[in-house]
Amino acid sequence: YTTLFRSHVNYFLIDRRLYFVDLPGYGYADVSQKEKERWAKLMEDFFAESALMTLGIHIVDARHKPTAGDIQMAEWFKQSGRPFLAVANKLDKLKKSEIEKNLALIRETLALDESVPLIPFSAESGRGRETLLAAITAAVL
């Protein structure tokens, strides 16, 4: 793949066929309010061109209630009118007894209806990897 950086929106060209676009982080980044506002403007501009998006992937931390930034991102995805899914990352950091409760809290806080997949995911264990890859493949083929 090749990478093109443009004002913190990173475009990765995959197999010369499609782009994976990584938007700026907004969660626990230690940056100034001015920089966070600049990131918000970048994301607003990106979502204004939503016809270019095939599938949105919203990554949230499974360990915590979604933040105000998470909620805003979910709203941008919903308003785009394009398909999207949510990935509850860092699942391996939770006790098994916490998983369903935390997933329900994420779905409720982000106001995700049942048509929006919420994929429990752990980069460490690989849980959810095949489900996520299948969703991406189905969207781009």
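**Entry 1. A first look at the sheet**

Which residue in E5 does Val 60 stand opposite? I looked this up first, and the residue is Ala 88. I note here that the model is a predicted one.

I then followed Ala 88 to its other side and found that Ala 88 stands opposite Pro 120 in E6. Another bridge joins Asp 61 to its partner in E5, Asn 89.

Next I looked at the pairing of whole strands. Strand E4, residues 56–61, pairs with E5 in the parallel sense, and I recorded six bridges for the two. E5 also pairs with strand E6, residues 118–120, again in the parallel sense, over three bridges.

Put together, E4, E5 and E6 form an open sheet of three strands in that order, with parallel pairing. E4 and E6 are at the edges with a single partner strand each, so each has one side without a neighbour in the sheet. I also noted the turn between neighbouring strands of this sheet, which is 25° on average when direction is ignored.

I checked how covered E5 is. Five of its six residues are buried, and I wrote the strand down as mostly covered.

**Entry 2. The whole chain**

I stepped back to see where the sheet sits in the chain. I listed four helices and six strands in the protein chain. Their pattern along the sequence is β-β-β-α-β-α-β-α-β-α.

The chain has 141 residues, and 35% of them are buried. I also looked at contacts with a separation of 6 or more: 62% of these join residues 24 or more positions apart.

**Entry 3. Crossovers and helices on the sheet**

Which elements make a β-α-β unit with H2? They are E4 and E5, and the unit is right-handed. From E5 the chain goes on through H3 to E6, and I noted this β-α-β crossover as right-handed too.

H2 lies across E4 and E5, and its direction is at about 165° to that of E4. Helix H4, residues 129–140, packs on the sheet as well and touches E4, E5 and E6. The angle I wrote down for H4 against E5 is about 160°.

**Entry 4. The nonpolar cores**

I turned to the inside of the model. The largest nonpolar core holds 27 residues, and Leu 23, Phe 47 and Met 73 have the most contacts inside it. Strand E2 (9–14), helix H1 (33–48), helix H2 (68–80), strand E5 (84–89) and helix H3 (96–109) each give two or more residues to this core. H1 gives the most, with five residues.

I found another core apart from this one. It has five residues, including Val 87, Ile 119, Phe 121 and Leu 132. As background, nonpolar side chains in soluble globular proteins tend to be buried together.

I then listed what Phe 47 touches, leaving out residues up to four places away in sequence. The list is Leu 23, Met 53, Met 73, Trp 76, Phe 77 and Ser 80.

**Entry 5. Aromatic rings**

How many aromatic pairs does the structure hold? I have six on record. For Tyr 11 and Tyr 19, the ring centres are 6.2 Å apart and the planes are at 85°, so I entered the pair as edge-to-face. Tyr 11 counts as buried, because its relative accessibility is 16% and the cut-off is under 20%.

Phe 47 and Trp 76 form a stacked pair, 5.9 Å centre to centre, with 25° between the planes. Phe 47 is in helix H1 and Trp 76 in helix H2, 29 residues apart, and the pair links distant parts of the chain. Both Phe 47 and Trp 76 are buried. They belong to one aromatic cluster with Phe 46, Phe 77 and Phe 84.

**Entry 6. Val 21**

My last look was at Val 21, which lies in strand E3, residues 18–22. Is Val 21 buried or partly exposed? Its relative accessibility is 26%, so Val 21 counts as partly exposed.

Leaving aside neighbours within four places in sequence, Val 21 is in contact with Val 9, Asn 10, Tyr 11 and Phe 46. I also took the separation of the C-alpha atoms of Val 21 and Gly 56: 9.3 Å, with the two residues 35 apart along the chain.

Notes
Residues are numbered from 1 along each chain as its sequence is written. This is a predicted model: local features need pLDDT of at least 70, side-chain atom pairs count only at pLDDT 80 or more; totals for chains, interfaces and linings use all residues. Side-chain values use heavy atoms; hydrogens and water are left out. A nonpolar core is a set of buried Ala, Val, Leu, Ile, Met, Phe, Trp, Tyr and Cys residues joined through side-chain atoms within 4.5 Å. Buried means under 20% relative accessible area, exposed over 50%, partly exposed in between (1.4 Å probe, protein chains only). Contact means heavy atoms within 4.5 Å. Two strands pair if DSSP finds at least two bridges between them. A crossover is right-handed if, with the strands pointing away from the viewer, the path from the first strand over the helix to the second runs clockwise. Rings of Phe, Tyr and Trp (its six-membered ring) pair if their centres lie within 6.5 Å; planes under 30 degrees apart count as stacked, over 60 as edge-to-face and the rest as tilted. Axes are lines fitted to C-alpha atoms, for helices over the stretch in contact, and angles run from 0 to 180 degrees between N-to-C directions.
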